[in-house]
Amino acid sequence: MLDLNQLRKIFIAVLLILSSCDTSEKQEQTYKIGFAQAMTTDNWREEMNRAMKVEASMHPDFNLQIKDAQNDVAKQIKQIEDFISKEVDVLIVSPIQSVPITPVIEKAMKAGIPTIVIDRKIEGSNYTAYVGANNIEIGKNAANYIVSNSKPNQEVELIEITGLQTSSPAFERSQGFHEVLAYHENTKIVATIAGDWEKTSVGDNLKSILDSVGSTDYIFAHNDRMAMGAWEIARSKNLEDSIQIIGVDGLFGPNGGIQLVKEDILTATVLYPTGGAEAIKLAVQLLEGDQIDKNNILNTVVIDEMNVDIMQNQFNKMNQQQNDIEQQQSVIREQITTYNSQTNLLKIMVGLILLLLLLGFWAVYLVFKLKKRKRILELNNEKIITQRNQIEKFAEQLKISNEVKINFFTALSHEFKTPLTLITSAIESIAQNHHKQLKDFSYETNLISKNSGRLLRLINELLDFRKLESGSFRLKPLKTNLYEFIKNIYQDFETEAIRKSIDLDLAANNKEIIVYIDRDMMDKVFFNMLSNAFKFTPKNGQISIKIEKTGNNKVEVRFKDSGIGIPKEDFQKIFDPFRQAGNNTKPSSGLGLYITRQFIELHKGSISVSSHQGAEFRIELLQGKNHLSEYLFSEDTSEIENEKSEMALQPKFIPEELPQSLIENAETILIIEDNEDLSYLLKKRLLGDYQVKLSDGTDAISKALEIIPDIIICDINLPEKSGFEICKELKSDLRTSHIPTLILTALSDEESRIKALKAGADSYISKPFRGVLAQLCLLLLPGVPPGEENFSFSFHWWLSPTLADLQI
Ligand code: FRU
């Protein structure tokens, strides 16, 4: 990723590109030319400046700077020093006066700055070059012109008007003028006026001279401005036609000398070129390393009526050309400016495009990076959510599992209570009737034996479960005839089948099927299958066992009953430990089917269930030994005969019919209980005092309506409806609502008490109960024993809740 440093570098690079845009002109004008101009009060000086600028403009790499001293010597010295300190490449000076300016020019030379002197001179020759016309010659030209225009032997009178005496042109022009006239005796300078180059210095002096001399033939003024001043004085005296005036400079343009000649104001003017263009040319040559002359003398010529037109034409043309050049240059300058600005614009645009591209790339890069980060965050988030969900699910499962386990152990505890109740009741019965013979207690001893077996089975189931959970079960496979093995177990249930009028059937398409099984385990499996079938099959139902060889080495054993069946959604649940699924309201540990499946799977077999008019369990087993290669085998089949199922050990008991005389005239009690042992035990205990009717729960309501008993004793866990439901139904029916109802249950917890009350029960009895059942029945019946008149059920229930725990 680009960091701030990299970004800063990019910006600097772009800025450099942009900043390079406006340096083009400066880079080309690398040379500085400083021009110290004496003054700019007249046209001649302006022309000099203009010529310099025009010439400098031809060289874009030269920068000309003009400083105007305004005829002030001190100022000019300061300006030159300024140029020296700025280290100009070439210095050009037009000195106001010779002597005072000389030292500062020497200083410039000493500083190594090439110095060009123009027009007026300085003292000595310590300068690089001089540019200007020869002023002595100018003076001579003027004198020669006068002489040549005079008639031979004609006396010619002259007045000379000089420039500023301390400037070299004035001195030299005078010198040349006098030199020529010295040879012509007829010429006579009648007066000399010391001017200062300006018209104002002429007026009064000339007027007084003319006043004294009357007139003169010629006036030679050192420049055209002073010549014009002389003409104005002459005209004021009407002498303008008689005095011929000659000036110097010969400037082109309005008020210039050429114009004055054309207008006959001046007789002639001596051309004195400014030398501006030549000075720049010399500077260029100097800086380009060319050799230049020290004295660069410019040509001069006398302009009078004879050549003024030619000169004017020439100047016109020159001027025209000059203007054209200037125009072209201005066009070029404009184009250069346009070009430069367009180039700059282009560079700026290129720079900006570059910047935009960079920012674009950067933005794209950032977008990708952000997307990537976002994706990572989303993935993390998803992970966290998944983990959280898993934890929640796990916690929920744990909670359910805990609840299920607690329920399981609670149910299991109660499951222990029923056989314990029966055992203790039987023992109590024996104890109370100690005068009887032991043979008279066959029912009680059978009951004790049967329920001890039941307890043992429950405990074994628990131990098996524990063993399965710890994975410590080892198979001891024995070669076994499957049909014989199952037949053995089947026989144990035959008596039960007769008692319940159940059609029990065993069939096999091959009675010689041999399997290798752990007989202990498979005995429990098949016994469990049958005992389940019996548990859920009503009287007159059917239970069938089918043994079939289904494949090369596969065997299937199917247990089908005509009971209440199992809902489809519970097909898997019924094999879970701790869960009692389906329509099962029968008491059981809830471990039987789980252990069954585990045992079958230890044999590499499988178990499945289907339900259609009852339930059908299919057990598939493999033949041969290959699938059990990890275990030790025994080929001995003899043990089968000795094997006895648990059922075989259980007491066989068929309730005996009680004598009719005992039950005549007695109060009627209806006992609703599906455990036949318990219902019989109750009946036995109450008979004599009461007429006892029994219902296994399936016909509870119809029996109650048919008999209209005096008391109803009802269990909770019943096959079709719970005891609470039956009680509620009876209590909401006008025909039975008056009948005192006792809930008989192993569940002694608070919740069940409340449930019983809500269902309308008058009381409940917790198992195990002892011998107060008959007394309780008495309390609930009309005709309470003397002294206990107020001891109605509802009264005792509300005032003395502990009585609810009465043990029979
Ligand atoms: C201009 C001027 C010219 C003259 C020259 C002499 O300032 O006065 O008229 O020829 O200077 O330096």
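A residue is called buried when its relative accessible area is under 20%, exposed when over 50%, and partly exposed in between, using a 1.4 Å probe and protein chains only. With that in hand, let us walk through the model. The structure is predicted, so local features need pLDDT of at least 70 and side-chain atom pairs count only at pLDDT 80 or more, while totals for chains, interfaces and linings use all residues. Residues are numbered from 1 along each chain as its sequence is written, and side-chain values use heavy atoms, with hydrogens and water left out.

A good place to begin is the open sheet of six strands, which runs in the order β2-β1-β3-β4-β5-β11 with parallel pairing. Strands here are DSSP runs of E with at least two residues, helices are runs of H or I with at least four, and both are numbered from the N terminus. Two strands pair if DSSP finds at least two bridges between them. At the edges sit β2 (62–68) and β11 (295–298), each of which pairs on one side only. From one strand to the next, the twist averages 15°; for such angles, axes are lines fitted to C-alpha atoms, for helices over the stretch in contact, and values run from 0 to 180 degrees between N-to-C directions. Within this sheet, β3 (residues 90–93) and β4 (residues 115–118) are joined in the parallel sense over three bridges, and V93 has V117 as its bridge partner in β4. Helix α11 (residues 276–287) packs on the sheet and touches β1, β2, β3, β4, β5 (129–133) and β11, where contact means heavy atoms within 4.5 Å. The direction of α11 makes about 165° with that of β4.

Further along the chain, β16 (residues 542–549) pairs with two strands that we can take in turn. With β14 (residues 503–508), the pairing is parallel over six bridges, and A507 finds its bridge partner in K546 of β16. With β17 (residues 554–561), the pairing is antiparallel over seven bridges; here I547 is matched with V557 of β17. Four residues lie between β16 and β17, and the two strands form a hairpin.

Now for the charged side chains. The structure holds 28 salt bridges, each one a side-chain nitrogen of Lys or Arg within 4 Å of a carboxyl oxygen of Asp or Glu. One of them joins R225 and D42 at 3.4 Å, N to O. This pair links distant parts of the chain, 183 residues apart: R225 belongs to helix α9 (residues 224–236), and D42 to the loop between β1 (31–37) and α3 (43–57). R225 is partly exposed at 23% relative accessible area, whereas D42 is buried at 4%. D82 and K86 also meet in a salt bridge, at 3.7 Å; D82 is partly exposed at 28%, and K86 is partly exposed at 39%. Between E729 and K721, the closest N and O atoms are 3.1 Å apart. E729 counts as partly exposed at 34%, and K721 does too, at 32%. Salt bridges that share partners also join E548, E556, R558, E616 and R618 into one network.

Our last stop is helix α21 (residues 676–686), which is mostly covered, with eight of its 11 residues buried. Those buried residues are D677, L678, S679, Y680, L681, L682, K683 and L686. Just after this helix, G688 takes a positive phi of about 105°.
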